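Student: I would like to learn how to read a structure of this kind feature by feature, beginning with the backbone and ending with the ligand. Could you take me through it?

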Amino acid sequence: MKPANKAPLRFPPINGKCPHMIHGADYNPDQWLNYPDVLEEDLRLMQLARVNSASVGIFSWASLEPSDGVFAFDWLDRVMDRLADNGQFAVLATPSGSKPAWMSEAHPEVCRMTEDGHREPHGRRHNHCRTSPVYRAYCARMNTELARRYGKHPALLVWHVSNEYNGGECHCPLCHEAFREWLKKRYHNNLDALNHAWWTGFWSHTFTTWEQIRPLDSSIHGLMLDWKRFLSDQTLDFFRHECAPLREWTPDIPITTNFMGFHITLDYWSFAREVDVVSWDSYPAYHDRPLDWLRAVDVSFVHNMNRSFKQKPFMLMECTPSVQNWQPVNKLKRPGVHLLEAMQAVAHGADTVQYFQWRKSRGGFEKFHGAVVDHCGHEHTRVFREVADVGAALARMDDVTGTTTPAEVAILFDWENRWAIDGISGLSREERRYPETCTAHYRPFWSSGVPCDVINEDCDLSKYKLLITPMLYMVRPGFAERIDAFVRDGGTWVTTYLTGQVDESDLCFLNGFPGPLREILGVWAEETDTLYESDDVQIEAAPGTDCGLQGAYKADVFCDLIHTEGAKVLATYANQFYRGRPALTVHTHGKGRAYYMASRNEPRFHADFYRKLIDDLALRRVLGCELPDGVTAQVRTDGEREFIFVLGFNREPVHLDLGAAAYRDLRTGVEYRGRTTLPAYTALVLESVNSPVTA
Ligand code: GLA
Ligand code: ZN
């Protein structure tokens, strides 16, 4: 068995100016310039809610530069100064998320172009061309102005570069040309290499000049995959361009840009390398189904990913204090859920809890989006009180700031793999569900209180005991070798149907799936059956095996038909023409083991299988005791002190038996031991009363 993961050290605060948890919100004082009392009232209310940071300027281009080259910083000067006077900080944005009308009018090229060559009209947001030299020049000028003016301002805490970048398509001639240049680099100016990688002999698609290439043909999978890569890379290139003046003028101010969870168009792994601190915007639709905790599992997974990107604390840049406005149904968060959601983020490594938005705008698209301050304008609201509770909780958590989470388990979530899976023509069109599949594998760990990292194919594997790679369809160069070393060295690896089918160009591996992983897994996957909802496929635990499975389980959507080549069969299909064929196998490889789950299985299968694995591998559960359904426990540590977050997402009280251990809640001071009742929607932040500091 592999040695235990070394506990990481405490990280410095995001910015040394503020060695506390950051509690903040998107703040748009520029919408209220004709309401002079509002700014002063906002500052009073921020003190009351213990909000110590305001994210400003995110959509302020029209206010900051009302016409070309004419700047109006007076209002922002005043806001920055008043924040500083008030002991608060600014997360200052660059305003490229939304461009001013004068710019689109004078330079239509800043707007994106559709596939059929139409220039998009000015309006909405997040829709500029990333290649346009004109837009880049305007951004460089604006960002330079901001950095020079506010670089030394005491309120400046973090740069919030743009807002929620996306890799949405722009088909303007500049973007197409940039794509071709990107391809020339990728294929070393070798068109034959490109034709081979894209398998263009198919349907006579061979390109004989670079100019013929247009990212418009979805039947060329390699082309579409590279186009997705390009859109992500070009957005990153744009980000770098935006950062250049900030890095030049303010090398000490950390830079972030807010990510959007599983957002499909950007490979956040590559973005994460270039930000100083990761941040993301979390908008779960809680209360959309009877069990809120199922939604919480997904959110926890994404928090884990954001912590894992840089293996250090991240920022929860946005969440709503109450309600959203863009879901099909926008339900109020139930009392207590806000604190719970905030503590959940912190539990997984957030050093900030920030909102969209501080004050509800009076008009426009987001006037009914939740905010700390409602249209009534005062603090006597349920939402304000709940936000103030979060502020009070965070104010007691200085010691948690900078701590992180050692994980013994890693689950793979890889954007390139996902793009390739989504690009497949075949199988079940609607049911690929890569993100949902990854979170389904995470659920038993959440329920057992076992911390997990989320990694991609480029990450270091050596520190984990267990690696899970759901639907590892694309295996990029080097990854098979690293899995091989991981398993040989004593690691346990679990993979599933659709593993090891294509290389980084989306070309199928020849000589049998799972391609370069075949020897490690000791199986050959010959075919994949795709099921209708009405199909009934069961799998059964093989007699005499000890892998936690008992009896039959329902399989769903995908069933690989595999042959063992040295692997041991742990479960078999119970029906269909492949009855009796292996459905779950394990192969000893070096000092480790490699499991192949041939089918997509119901949650009960995951629960039984992974809980046994957790025990077999002696993976640390954060709390020694069993957790009731809907409750998780997560940990943050600096290597010495441990902060255990018990998060209960049930609508009714549940009981938890803490056993002999005694804990004190950092937030309330209440002590817990033995049988404990968790009320509905609860967050406890516990420290052992025997720990070195509190003893
Ligand atoms: C996103 C944006 C915000 C706001 C919120 C609303 O996260 O970044 O500007 O529109 O959504 O939920
Ligand atoms: Zn473009």
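Tutor: Pro514 lies in the loop between β13 (492-496) and α16 (518-521), and in this predicted model the peptide bond that joins Phe513 and Pro514 is cis, with omega about 0 degrees.

Student: Where does the peptide bond from Phe356 to Gln357 stand, cis or trans?

Tutor: The general idea is that most peptide bonds are trans. The bond from Phe356 to Gln357 is cis, with omega near 15 degrees, and Gln357 belongs to the loop between β9 (350-355) and α12 (382-395). Phe356 will come up again, since it is among the residues that surround ligand 1.

Student: Which residue that is not a glycine has a positive phi of about 50 degrees?

Tutor: Here the general idea is that most residues other than glycine have a negative phi. Arg124 is not a glycine, yet its phi is positive, about 50 degrees; Arg124 sits in the loop between α4 (101-106) and α5 (133-150) and, at 74% relative accessibility, counts as exposed. Gln576 is also not a glycine and has a positive phi of about 70 degrees. Gln576 is found in the loop between β17 (568-573) and β18, and with a relative accessible area of 35% Gln576 is partly exposed.

Student: How should I read burial in strands, and is Thr585 buried or exposed?

Tutor: The idea is to set the relative accessible area against a cut-off, since buried means under 20%. Thr585, in strand β18 (residues 582-589), has a relative accessible area of 0% and is therefore buried. Leaving aside neighbours within four places in sequence, the contacts of Thr585 include Val523, Ile562, Leu570, Ala594 and Tyr596. Ala683, placed in strand β25 (residues 682-688), is likewise buried, with a relative accessible area of 6%.

Student: What does Ala683 touch, not counting residues up to four places away in sequence?

Tutor: With those residues set aside, Ala683 touches Leu340, Met343, Val646, Leu647, Asp665 and Arg667. For one of these partners, Leu647, separation along the chain can be set beside separation in space: Ala683 and Leu647 are 36 residues apart in sequence, while their C-alpha atoms are 4.7 Å apart.

Student: And in helices, is His441 buried or exposed?

Tutor: The same reading of accessible area applies. His441, found in helix α14 (residues 434-448), is buried, with a relative accessible area of 2%. Beyond the residues up to four places away in sequence, His441 touches Ile411, Ile468, Pro470, Thr496, Met597, His606 and Tyr610, and a polar contact of 2.7 Å joins the side chains of His441 and Tyr610. In contrast to such contacts, the C-alpha atoms of His441 and Gln354, which are 87 residues apart along the chain, are separated by 29 Å. Asp42, in helix α1 (residues 36-48), counts as buried at 0% relative accessibility, and its contacts, not counting residues up to four places away in sequence, are Tyr27, Trp358 and Arg359.

Student: How many helices and strands does the chain have, and why is it as compact as a globular protein of that length?

Tutor: The chain has 17 helices and 25 strands. Its radius of gyration is 26 Å, close to the 26 Å that the globule rule gives for 695 residues, so the chain is as compact as a globular protein of that length. Buried residues make up 61% of the 695 residues, and among contacts between residues at least 6 apart in sequence, 72% join residues at least 24 apart.

Student: Finally, which residues surround ligand 1?

Tutor: The idea is to list the shell, and then to look for polar atoms that face the ligand. Ligand 1 is surrounded by Phe59, Arg125, Asn163, Glu164, Asp281, Tyr283, Glu318, Trp326, Phe356, Glu366 and His369, a shell that divides into four nonpolar, two polar and five charged residues. An N or O atom in the side chain of Arg125 is 2.8 Å from an oxygen atom of ligand 1, a polar side-chain atom of Asn163 lies 2.8 Å from an oxygen atom of the ligand, and for a polar side-chain atom of Trp326 the distance to a ligand oxygen atom is 2.7 Å. The protein covers 96% of the 310 Å² of accessible area that ligand 1 has on its own.

Terms used. Residues numbered from 1 in each chain as written. Chains lettered and ligands numbered in written order. Predicted model: local features only at pLDDT ≥ 70, side-chain atom pairs only at ≥ 80, totals over all residues. Heavy atoms only, no water. Near = heavy atom within 4 Å. Polar contact = N/O pair within 3.5 Å; in protein donor to acceptor, adjacent residues only side chain to side chain. Areas by Shrake-Rupley, 256 points an atom, 1.4 Å probe, with all protein chains shown as cover. Nonpolar A, V, L, I, M, F, W, Y, C, P; charged D, E, K, R; others polar. Helix = DSSP H or I, 4+ residues; strand = E, 2+ residues; numbered from the N terminus. Rg over C-alpha atoms; globule rule 2.2 N^0.38 Å. Buried < 20%, exposed > 50% of the residue type's maximum accessible area, 1.4 Å probe, protein only. Contact = heavy atoms within 4.5 Å.
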